Amino acid sequence: MVFRISRLKTALSAAGIILATTTVAAFAQTDDKAATPDAAMPEIKYELGKQPLKEHPGGASNEATAKNFPISKGLAGVSMFLKPGGLRELHWHANAAEWAYVVAGHCRITVIDPEGHSEIKDFGPGDVWYFPRGHGHSIQGTGNEECHFILVFDSGYFSEFATFSVSDWLAQTPPDVLSKNFGMPVSAFSNMPKKEVYISQGPVPGPLPLDPAAGTENPPPLTHRFRLGSKIPKVTSGGSFNLVDQKQFPISTTMSGAILKMKPYAMRQLHWHPNADEWQYYIAGKARMTVFGSQGRKITRDFGPGDVGYVPMGYGHYIETIGDSECEMLAVFNSGHYEEISLTEWLAKTPKAVLETNFSVSPNIIDGLRSGEQLFSKPKAPVAIP
Ligand code: MN
Ligand code: MN
């Protein structure tokens, strides 16, 4: 590299151009980045599943936010477990909408919107919910086994000073004010929680009425539940892609998500998302993701169950299944409108002559570049590289 820069200096001075020291430094830095690309890229992996859980009487949770996972400024996530009857108390998020995917077990949500519409709905594995920013909600475990779900927020900073719990607010409000507000005696508030409850343990709620009594509900025009697990995915020989965005789930105007299932030795092909960051949670199997960050920068990490991955908006990436089992991954985006550009599709739609000039390779190689399978590549066992 020193040789290359000194040669460049010689060439430029021969041409009458004096290269400033700072320019040399800039060249040197670019070159160093190419030599150690991983160090030049922000970390894209966070082992959420290995972090200690915050335990509460009715459940437990841990989180990946911009505080502990600095790349994740646009999206953050929580892994939460609720016991049957465990209640994530009434709360709201001041700076983020909440998009969730139920991995296992069952739960029930309640939600209120600014028009006073309320919805109570039951959820099971494969179901998705979306709560617009600031709308009040609660979640309670139902059935007879623990419920596990992944919450994703469209701000990396949703947690600190932005999640508002109703018990915290009441604990901070003087009893005489509460007395005025609710028209009840001051003594009524003496046994209220003195600090934030977060998750409490209660009885398992009974089944919802199949046919609610007339005049008992004020449902919102758009439901907060989408049954992603019941939707037919896009399937190719290498895997399946099951997407829900605003088109199928109209209330989710700021977020979308997908379940990807990749066959052993298959690959989610080279692509990027022009309009959104991607937050990933690996559910099963193992995969290796490489993210390309321009200027010779890239980072590769291996992911397994419980790991979180992050791809900033516009960054190129691909994901290879490793090991011999299928990989299942949840991908969530901070836009209600899902967009991607596939490199294979781009090349297929670009004139051959342009590609020949771009890559300086023979026409038959260009033909191959323009005819590849899209979305997932076919499973192909790795060959040993000498
Ligand atoms: Mn919430
Ligand atoms: Mn992607």
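In what order do the strands of the open sheet 1-22-19-24-17-16-15 run, and with what pairing? In this predicted model, the sheet holds 7 strands, and the pairing is antiparallel throughout the order just given. Strand 1 (45–46) and strand 15 (234–236) are found at the edges; each has a single partner strand, so one side of each has no neighbour in the sheet. At one of these edges, strand 15 pairs with strand 16 (residues 239–244) in the antiparallel sense, through 3 bridges. A good place to look for this pairing is Thr236, which stands opposite Gly239 in strand 16.

A further open sheet is also built from 7 strands, and here the order is 2-3-4-11-6-9-14, again with antiparallel pairing. The edge positions belong to strand 2 (54–56) and strand 14 (225–227); because each of them has a single partner strand, one side of each is left without a neighbour in the sheet. From one strand to the next, the twist averages 20°. The partner of strand 14 is strand 9 (residues 127–131), and 3 bridges join these antiparallel strands. Within this pairing, Val128 stands opposite Phe226 in strand 14.

Val128 also leads into the interior of the model. The largest nonpolar core has 74 residues, and those touching the most other members are Ala100, Val128, Tyr130, Phe149, Val152, Leu330 and Val332. Both domain 1 (45–226) and domain 2 (231–377) contribute to this core, with at least three residues from each. In soluble globular proteins, nonpolar side chains tend to be buried together. Val152 offers a helpful view of the surroundings: setting aside neighbours within four places in sequence, Val152 is in contact with Leu75, Gly77, Trp99, Ala100, Trp279 and Val332. Two of these contacts, Ala100 and Val332, are also among the core residues that touch the most other members.

Arg88 deserves a look of its own. This residue lies in strand 5 (residues 86–93), and Arg88 counts as buried because 26 C-beta neighbours fall inside 10 Å, where 20 or more are required. Not counting residues up to four places away in sequence, Arg88 touches Gly59, Met80, Leu82, Ser138, Ile139 and Ile199. Of these contacts, Ile199 is 111 residues from Arg88 in sequence, yet the C-alpha atoms of the two are 4.4 Å apart in space.

Towards the end of domain 2, the backbone invites a closer look. Most residues other than glycine have a negative phi. Ser360, however, has a positive phi near 55°. Ser360 comes just after helix 7, in the loop between helix 7 (352–359) and helix 8 (363–369). Helix 7 itself is hardly covered, with 0 buried residues among its 8. Ser360 counts as exposed because it has 7 C-beta neighbours inside 10 Å, and the cut-off for exposure is 12 or fewer.

Leu375 is another residue with a positive phi that is not a glycine, at about 75°. Its place is in the loop between helix 8 and strand 26 (376–377). Is Leu375 buried or exposed? With 21 C-beta neighbours inside 10 Å, Leu375 counts as buried. The two positive-phi residues thus sit in contrasting settings: Ser360 is exposed, whereas Leu375 is buried.

Methods
Residues are numbered from 1 along each chain as its sequence is written. Chains are lettered from A and ligands numbered from 1 in the order in which they are written. This is a predicted model: local features need pLDDT of at least 70, side-chain atom pairs count only at pLDDT 80 or more; totals for chains, interfaces and linings use all residues. Helices (H or I, at least four residues) and strands (E, at least two) are DSSP runs, numbered from the N terminus. Two residues are in contact if their C-beta atoms, placed from the backbone, lie within 7 Å. A nonpolar core is a set of buried Ala, Val, Leu, Ile, Met, Phe, Trp, Tyr and Cys residues joined through C-beta atoms within 7 Å. Domain bounds come from an automatic or database domain assignment. Two strands pair if DSSP finds at least two bridges between them. Axes are lines fitted to C-alpha atoms, for helices over the stretch in contact, and angles run from 0 to 180 degrees between N-to-C directions.
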